Amino acid sequence: MKRTTAILAGTTAFTMLTGLATQAQAQDAPPPAEEAPATGGPDIVVTGSRIQRNGYQAPTPTVVATAEQLQFTSPQNLTQGLNKLPVFAGSQTQAGSGQGGLGSGGVNNIGSFLNLRNFGTIRTLILLDGRRVPPTNFDGNVDVDTLPQALIQRVDVVTGGASAVYGSDAVTGVVNYVLDRKFTGLKGTLQAGISQYGDDGSQRANIAFGTGLFGGSGHLLLSAEYSNSDGVPAKEERPWFHNQLLTGTGTLASPFKQVNEGRENDRAFGGLIRRTATINPTIPDSLANMTFNADGSLRPFDKGTPTNTAAFSSGGDGTYHPRTSLLATLRTKQAFGRFEYDFGGVTAFAQLGYSESNSHHSQATANRADTSSSKVTIFSGNAFLRPEIQSILTANNISSFVVSMRGLYLGRPDFEIETRSLAGTVGLEGSVGKFKWDVSYTYGRGKTDQIQHGNGNNRSFYAAVDAVDEGQFRTGTRNGTIVCRVTLTNPGLYPGCVPINPFGANNASEAAIAYTNNDTAWYATNRSDDITANVTGDLFDLWAGPVSIALGGEYRHQSLVQTSTVDPLAPVDFTGLRGGFTSSTLAYTGVVVAGANGAQEVWEGNAELVVPLFKDSALGKSLEVSGAGRYTHYRTSGGVWTWKAGLDYRPIDDLRIRLVASRDIRAPTLFDLFAATQIRNSGLVDPLTGVSATTQQVQGGNPNLVPEVARTYTAGIVFSPSFLPGFNLSVDYYNIKIDNAIGTVDIQTQIRECTTSGGTSPFCANITRPLGNTNTTAANFPTRYFNGSINAALTKTQGVDVEASYRTPLAFHADSSLGIRVLGSYQPKLEIRNFPGAVTFDYAGVGERFSKWRITTEISLKVGGLDVGILNRWKSGVKWNADPSLIYLDPKPGSYDVTDLTLSYTVPHGKGEMQPFFSIGNLFNRAPRILATDSPGQVTPVVAGDDVAGRYFTAGVRVKF
């Protein structure tokens, strides 16, 4: 905090008014290469084609955002600026992915992963200078914050299928980061930020250097960056979070309703003794429905205000998930270097980048409810019981009772995640006649280490909670020495056992907490070896221009190795212990991940052709058709074809029409195929036996997966009227459909399908029952089920992207201008069907996904060195759920908008310049829309993409020499 405040104070002294330069250049606005020729370097524009055309003649819709513009509107990093473009929805950030925020499972992602149209981060291909970026994460995704941001010139975003041109994963589009390869000089940034609430302090510093060498034949680039965000450690730090809870079942008799201060009224932090027909049925009234005070005494349990869900209340003594992280901490260090040398017609280059990120966040507290498989049984004679309670047990001949609790000392997922990525490329490029060629080899390695601190060890806990007085146990006379019972009955089985006091919320000793909680960890390493070769050029000239061709080949070898400190499949041995454990009790209260490994080999070949049909004819100004095809062979699943066909027609100078149809693929990642097994306990309502209880959920990879196949269609117009200079308008329609999408089917659906089919459904193979899939007795409740990925889902989306911009000079100052830009996305459909025969639901406009309308409006004013800018992001209202049959009492969350203000002033300094800047994000401190879940405090209950942190101040200075 002091570090952030000091940097803010220093940099704010330099900060003047600023302007919001245009964040995103439209495909048909003047190209960045023309606006800023001083940056130099070849004009690598990814437009859905490897044939060299600028971004305004290619048929696939493309948005170009310069790094300078992105940094201006979002000083934190380039990714935040990109995510303000409405074509992005559902991207993962420091707050987690989508509604729910940070996850609560055993495999967690922290970083920045871009998602076009909420169609999946893995279906958005990330490139650096037109080359595939090796995966940085265990799941095959690329954390774009690991790229050398200080040397990025611009970012090209292709918003249409491009698998035939660039390969697998380019289903919804391509995001290409373009290096400023000819940058010369020195530049850097120093900045700091802090929220209105005095937390989430951030610091960022970067430096970049470029110089020519060997008389101009060589060029060297170097950059380094450090960024840190302290995060927000708990949701309680914001006034808009009140442990909101969703109650009800969504029926007319029990509609869904949100309540504040939600509580689980069947457990208490200090322990609750419930009495029902099946739980502690014989205990007397003096113990029934009592909770423990801090001193271990009893008081009546306050259930709070009832809701329309029996197990949930508002207020009272019940439990929730306290102090779960709102924003994870995130610290990133990165370095990059590149050298190229022109031998005269052939240029050789080598580049190497390294990045290291570290993150920490806390999640839901451990659950030991009296209905769970890790419930707590207290035996008569427990040394921590107060005498008056022991007297009740003795008088009523009660040998044991069950306590229901949730507490911090019982085991809390507290995650530390470190990722390290290394990527290097060497290559040659040159030209022969009218043809350009390049060949390169890229090596990539991404390592992920995840440690869960304080994972509750069930064996240790059951040994520790069964505490006795040593003297009473041996002689019948208490001597005040409290030990674990197993220490006396089975010496050596549980060495070092420390008895734990579970009565009262904070009575467990530090030594007991340390004994009953362990650190568990897993480690994953991705390796990628990628060899590519391309040649492009003009074959011959026709009456309308040259016929152009591009040919390419690629070989990739990828491997994933995952190791773990714990094997979740190993049997749990409770020998010598008494307790509440059952056959489904796991080794730990938190999720643990097994080891795994796998590899993939990919061969690809592609060709592309562009043919002009006429130019300046009676039929119009120009017409060009294009086509591309790619064959890809995967070692695990065989071959697959992708293709693309496009048309670009300009009937008049002011108007262009573009059409594209394509067949695209997303291959299963190594994580999809070979992910390590992880097991957790999960609640299940079994329609076959009529039992509702906890069982084991097993997840893992599926080596039988095949590539997803998508059909994509885009159609658009671009209007740049000559009678209104400075105005541009583009409108593009898209339609994407995948018939064999990779996804999972929830267990309730699987078990329902199995039961309905009489045991013949394929889903029955995923369910383990002691007596088979037709026996209806209670003893046949599932002991385990598998929930892995399959090629069974159908998903499709469609919508329209609109961009309009106008910039005009102002009369009152020679160096002044006013700009207005509106970018809008209307996405009325995102249909998903989990498997053939299932109900298809439309998730467009659902709060956990995205708003149907997303509009970003930019207003910029430039007067001399002064820049002032306002950016507003507006999103339409959302519905609660994709299932229209569900009934909610609360009104639907309405529209939402956030306004950012940015100010800067450019001060010339010799041949360079200094630019102090100041930014206020979420200027009006707009609260997020609440979208509660059925677990109070566990996740972030907001509409996906809404700002959870509030008003944020950033100040800094940029320098360039």
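Hi everyone. Let me start with one definition: a residue is called buried when its relative accessible area is under 20%, exposed when over 50%, and partly exposed in between. Please also keep in mind that this is a predicted model.

With that word in hand, let's go to our opening pair, Arg123 and Glu708. Both of these residues are buried. Their side chains meet in a salt bridge, at 2.7 Å from N to O. Where do Arg123 and Glu708 lie? Arg123 is in the loop between β3 (96-97) and β4, while Glu708 belongs to strand β40, residues 708-719, so the pair ties together parts that are 585 residues apart in sequence. The two have company as well: Arg123, Arg666, Asp672 and Glu708 are linked in a network of salt bridges.

As a reminder for anyone new to this, side chains of opposite charge can pair when their charged atoms come close. How many salt bridges does a search of the whole structure find? The count is 46, and I'd like to show you two others.

The next one is between Lys644 and Glu608, whose closest N and O atoms are 4.0 Å apart. Lys644 sits in strand β36 (residues 638-652) and Glu608 in strand β34, so this bridge ties together parts that are 36 residues apart in sequence. Are these residues buried or exposed? Lys644 has a relative accessible area of 4%, so it is buried. Glu608 has a value of 2%, so it is buried too.

My last salt bridge joins the side chains of Asp900 and Arg873, at 3.3 Å from N to O. This pair links distant parts of the chain, with Asp900 in strand β49 (residues 896-905) and Arg873 in strand β48, 27 residues apart. Asp900 counts as buried because its relative accessibility is 4%. Arg873, with a relative accessible area of 26%, is partly exposed.

Now back to β4, the strand that follows the loop of Arg123. Five of the five residues of β4 are buried, so the strand is largely enclosed by the rest of the structure. Look at its two faces: on one side are Thr124, Ile126 and Leu128, on the other Leu125 and Leu127, and all are buried.

What does β4 pair with? Strands of a sheet pair through backbone hydrogen bonds, either parallel or antiparallel. β4 runs parallel to strand β7, residues 173-179, and five bridges join them. Within that pairing, Leu125 has Val174 as its bridge partner in β7. β4 also pairs with strand β5 (residues 131-132), this time in the antiparallel sense, over two bridges. Here Leu127 stands opposite Arg132. β4 and β5 form a hairpin with two residues between them, and Asp129 in the turn has a positive phi of about 55 degrees.

β4 comes up again when we turn to empty space. Searching the whole structure gives 14 cavities of 30 Å³ or more. The second largest has a volume of about 390 Å³. Which residues are closest to the centre of that cavity? Of the 29 that line it, they are Pro135, Gly140, Asp169, Gln558 and Thr669. The elements giving two or more residues to its lining are β4 (124-128), β30 (517-542), β31 (545-564), β34 (596-617) and α11 (670-674). You may recall β34 as the strand that holds Glu608.

Let me take you to a smaller topic, an open sheet of three strands in the order β14-β15-β16, with antiparallel pairing. β14 (272-273) and β16 (298-300) stand at the edges with a single partner strand each, so one side of each is left without a neighbour in the sheet. Three bridges join β15, residues 290-292, to β16, and Thr291 has Arg299 as its bridge partner there.

Finally, the surface. Leu818, Ile820, Val822, Ile859, Leu861 and Ile870 make a nonpolar surface patch of about 420 Å². Which strand gives the largest share? That is β45, with three residues. Both β45 (816-833) and β47 (853-863) supply at least two residues of the patch. Ile870 lies in strand β48, residues 866-875, the strand that also holds Arg873. With a relative accessibility of 38%, Ile870 counts as partly exposed.

That's my tour, thanks for listening!

Definitions and conventions: Residues are numbered from 1 along each chain as its sequence is written. This is a predicted model: local features need pLDDT of at least 70, side-chain atom pairs count only at pLDDT 80 or more; totals for chains, interfaces and linings use all residues. Side-chain values use heavy atoms; hydrogens and water are left out. Patches are made of residues with over 30% relative accessible area and no salt bridge: like charges are joined within 9 Å, nonpolar side chains (Val, Leu, Ile, Met, Phe, Trp, Tyr) within 5 Å. Accessible areas come from the Shrake-Rupley method with a 1.4 Å probe; for residues, only the protein chains shown count as cover. Helices (H or I, at least four residues) and strands (E, at least two) are DSSP runs, numbered from the N terminus. Buried means under 20% relative accessible area, exposed over 50%, partly exposed in between (1.4 Å probe, protein chains only). Two strands pair if DSSP finds at least two bridges between them. On a 1 Å grid over the protein atoms alone, a cavity is a set of points where a 1.4 Å probe fits but cannot get out, and a pocket is an open set with protein on both sides within 12 Å along at least five of seven lines; lining residues have an atom within 4 Å of a point. Grid points are joined across faces, edges and corners, and a volume is the space filled by probe spheres set on the points.
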